[in-house]
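Biologist: I'm new to this one, so could you walk me through it and explain the terms as we go?
Modeller: Gladly! Let's have a look together.

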Amino acid sequence: MPAVLIIDDELTLRGLLARIIQLEGYHVFEATTIKDGLKVLARENIQVVVSDVKLPDGNGVDLTARIHAEFPGVEIIVITAFGTIEDGVRAIKNGAFDYLTKGDHQEKIIPLLNKASDKALLQQKVMSLESRLQKKFGFENIIGTSASIRSCQDLAMKVAATDTNVLLLGETGTGKEVFAQAIHYESNRRSKPFVALNCSAFPKDLLESELFGHTEGAFTGAMKSKRGLIEEAQDGTLFLDEIGEMPADLQAKLLRVVETREYYKVGNPKVRHANVRFITATNRDLQTDNFRQDLYYRFSVFTIQLPALRERREDIQLLAEHFVREMSNKTITTPFLAALKTHPWKGNIRELKNIIERSIILSDGNELTADLLPADFNTDESDSLTLEAIERQHIRKILKATDGNKAQAAKVLGIGLTTLYQKIKDYGF
């Protein structure tokens, strides 16, 4: 049931009002001062505050502004014995739901309370949803403790609070969309849409339609009007991935949107207005590629370079454990983890997630072992030259060359058979 807090130092009037409200099914809390009222608000899930104007330690009209700032999901109804238009106007400006004068408040309070509690419950549901989305897509969703990823996160957190355009640079699979989502859900636009478009996924004509929308009959096959993603992202964030793949003439049209906040639907001369924050991403060097430099400078107001996974190997275990928890109840064995740490990861985090998913599917037991990894799982690249990685790869190659004959392999390797068996166990062959 909705909860109401009554703040009034007059015991008789407060008790009568509490009884009336309780009979309507509300859960009622009482306080005699602003200080006690704020304690109740901090402790309980209150939907509506009914406050007197004159209180022992302050003014109820001023309290309205404080409650509105500190408890944004709570509605306030102000009641006074000597109502004035000035107080009423000030209370509403401070965020009050309404303002009543004592004497007629007992007749009007319940209908007003019903409306205020409905609004508060809806606001609190929206805030709860926003909080869950922020937790799911916010900076908590970025896995890693390495200095390089923390530096990127610090930059992203600083720019999130602004409305500045952001350019995310990095190899494929480094988590550019994850960062884009985090920036959006930590920004003031979090309650508005986050819309993503991969510019390399559409041919030129379709890309223009996806971005700007079109009217019925604008081109062959346009059987009905279509909202573009700029319109879908209104008041929110538009994430343009692989921006370097956008055709030059479409770059010119997008430049107009960024500069003037105006655009046209395909086939419609009517000017439309766009209130959109742009976050773009690419794995290319836009300064040397065939990309409009004026558009580049508008997108790259704030640039974040995301590190490749091989540059943050200390995060591999955290990422692997995170993906395993998402997909199963299995555990990672030491040899399996050792193999992950020495892999070059050309596909970065996306490749790691795919390898984990594949291994989970193939696993019949409760553990992920090294034999579940692909036969061509490569740890012999130039950026994986640890002694352990070289030894592991060399033993694997000799075992393959001797068709698995361990005695012969031990002879070729120049080690004892017992030593070979121990290394096979350690490396999870």
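Modeller: Keep in mind that this is a predicted model. Let's begin with Phe 239, which has 1% relative accessibility.

Biologist: Why is Phe 239 called buried?
Modeller: Buried means under 20% relative accessible area. Phe 239 is at 1%, so Phe 239 counts as buried.

Biologist: And what makes Phe 194 buried?
Modeller: The relative accessible area of Phe 194 is 17%. That is under 20%, so Phe 194 is buried as well.

Biologist: How many aromatic pairs are there?
Modeller: The count comes to five. One of them joins Phe 194 and Phe 239, with 6.2 Å centre to centre and 20 degrees between the planes.

Biologist: Why is the pair of Phe 194 and Phe 239 called stacked?
Modeller: The centres must lie within 6.5 Å, and planes under 30 degrees apart count as stacked. With 6.2 Å and 20 degrees, the pair is therefore stacked. This pair links distant parts of the chain: Phe 194 is in strand β9 and Phe 239 in strand β12, 45 residues apart.

Biologist: What makes Tyr 296 and Tyr 297 an edge-to-face pair?
Modeller: Their planes are at 65 degrees and their ring centres 5.2 Å apart. Edge-to-face needs over 60 degrees, so the name fits.

Biologist: Now helix α2: which residues are buried there?
Modeller: Ile 34, Gly 37, Leu 38, Val 40 and Leu 41.

Biologist: How do you know that they line one face of α2?
Modeller: Seen down the axis of α2, the buried residues fall within an arc of 155 degrees, so they line one face. On the other side, Lys 35, Ala 42 and Arg 43 are exposed.

Terms used
Residues numbered from 1 in each chain as written. Predicted model: local features only at pLDDT ≥ 70, side-chain atom pairs only at ≥ 80, totals over all residues. Heavy atoms only, no water. Buried < 20%, exposed > 50% of the residue type's maximum accessible area, 1.4 Å probe, protein only. Helix = DSSP H or I, 4+ residues; strand = E, 2+ residues; numbered from the N terminus. Arc of directions from axis to C-beta. Phe/Tyr/Trp six-rings, centres within 6.5 Å; stacked < 30°, edge-to-face > 60°.
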